[in-house]
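Dear colleague,

Here is the structure I promised to hand over, with my notes on it below. Please read the notes with the model open beside you.

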Amino acid sequence: MTSTPTALWLRCETKTFEKRAALTPTTAKKLLDAGFQITVEEDPERIFDIEEYRAVGCTIAPYNSWPNAPLTTTIIGLKELPPNDDSPLPHSHIQFAHCYKNQGGWERVLERFGKGKGSLYDLEFLQDDIGRRVAAFGFHAGFAGAAAGAIAYAARQGGKGGKVQPLNPYPNEQAMIDDVKAKLGGSGKGLKALVVGALGRCGRGAVDLFRKIGLEESDIYKWDLEETAKGGPFQEILDVDIFVNCIYLSSSIPPFVSPAQLSQAGSNRRLSVIVDVSCDTTNPFNPIPVYDVNTTFDDPTVEVTVPENSTPLCVISIDHLPTLLPREASEQFSNDLLPTLFKYSNRDTERTWTDAAKLFREKLAAAEAKIAGQATA
């Protein structure tokens, strides 16, 4: 008797400017060769042409048709589903849902799964046997974030303010490096940057970009737990040109930089660009409480209120920075995820998947309890 193949449906990404894919033609073929059934939706924004998927044997489906997929099919994507939609979700979904750390509206996101009897395997919380994430975009997030910060610095003429033009994806890493160096006048030499979370994947990516655009090693300040243990705010952050936050936030910590600190510093501040790669904008524990909105590739920066006659200060808080390098980031992420996807057919017994399912049930229960409390308040 032949068992039914495990079916995965790669949905389109509806987030503006998102060009990455959870499955690439390369990884889709490996799953097909392993006996999976792979359906791929058309998506005009995706960096990979639909014909690349068709050529390796994937079934092709119309754009955004996943709600009509068989309920036995698992929907896989990257970014969250469109906001302002409370329709039930009856499928199993593999994606980044951004609703497990009390982000704004988290309970309503999970409520949709409860209504539809569906389930969520959040990509951020798929972990191996020693608690490490099985796949992450961290390196490319840090790399692209540092590049965006340097572009903003150049556009604002080294702290004099000015409009930052929309950011567009690059075909490869070298094209990004060349463009950033050109915008800086040939090199980033002379710039000072501080990276918090420098020992993690994201931080390593930011440091790598700064090196490749020409910053002196002594001008790249690499901070991690040891350097931040004393608690912020930190004067050292105000003494560099670009500050890149790459930490993984899991609990309340003192702010790295604060409105009061900026006010007190007045004109005695060098800092002109903050890149919040971690992007915990709506998290109640946000360690950079000088802004409260996410920015976009179309409008990359938001101004921070600072005293008159002091250096203008902006924040970049784009929550999908790796899409600036969509092909390379997708290939790296999807290949890292592949060994775990191979085990998805046994998700009821494989620890990575059972742990993710348990976490979903816990978060769903918390969401339902919060909503019930709101109804009776």
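Taking a disulfide as a pair of cysteine sulfur atoms within 2.5 Å, the count comes to zero disulfides. Please bear in mind that this is a predicted model, in which local features need pLDDT of at least 70 and side-chain atom pairs count only at pLDDT 80 or more, while totals for chains, interfaces and linings use all residues. Residues are numbered from 1 along each chain as its sequence is written, and side-chain values use heavy atoms, with hydrogens and water left out.

Why does Cys-202 form no disulfide with Cys-246? The closest cysteine sulfur to that of Cys-202 is indeed the one in Cys-246, but at 3.2 Å it is too far for a bond. For Cys-99 the closest cysteine sulfur, in Cys-279, is 16 Å away, which is also too far. Cys-99 is buried, with a relative accessible area of 1%, and Cys-202 is buried at 12% (buried means under 20% relative accessible area, exposed over 50%, partly exposed in between, with a 1.4 Å probe and protein chains only).

Turning to the interior, the largest nonpolar core (buried Ala, Val, Leu, Ile, Met, Phe, Trp, Tyr and Cys residues joined through side-chain atoms within 4.5 Å) has 42 residues, and those with the most contacts inside it are Met-176, Phe-210, Ile-213, Ile-242 and Val-244. Among the elements that each supply at least two residues of this core are helix H4 (138-155), helix H6 (201-212) and strand E9 (242-245), and H4 gives the most, with 10 residues. Helices (H or I, at least four residues) and strands (E, at least two) are DSSP runs, numbered from the N terminus. With contact meaning heavy atoms within 4.5 Å, and not counting residues up to four places away in sequence, Phe-210 touches Ala-146, Ala-193, Val-195, Leu-215, Ile-220, Ile-242 and Val-244. A second, separate core of 33 residues includes Leu-31, Phe-48, Ala-329 and Ala-356.

Leu-338, in helix H10 (residues 326-342), is buried, with a relative accessible area of 5%, and, leaving aside residues up to four places away in sequence, Leu-338 touches Thr-27, Lys-30 and Leu-31.

Finally, six strands form an open sheet with parallel pairing, in the order E3-E2-E1-E4-E5-E6, where two strands pair if DSSP finds at least two bridges between them. Its edge strands, E3 (59-61) and E6 (119-122), each pair on one side only. Strand E5 (residues 92-95) is joined to E6 by four bridges, and the partner of Ser-92 in E6 is Ser-119.

With best wishes
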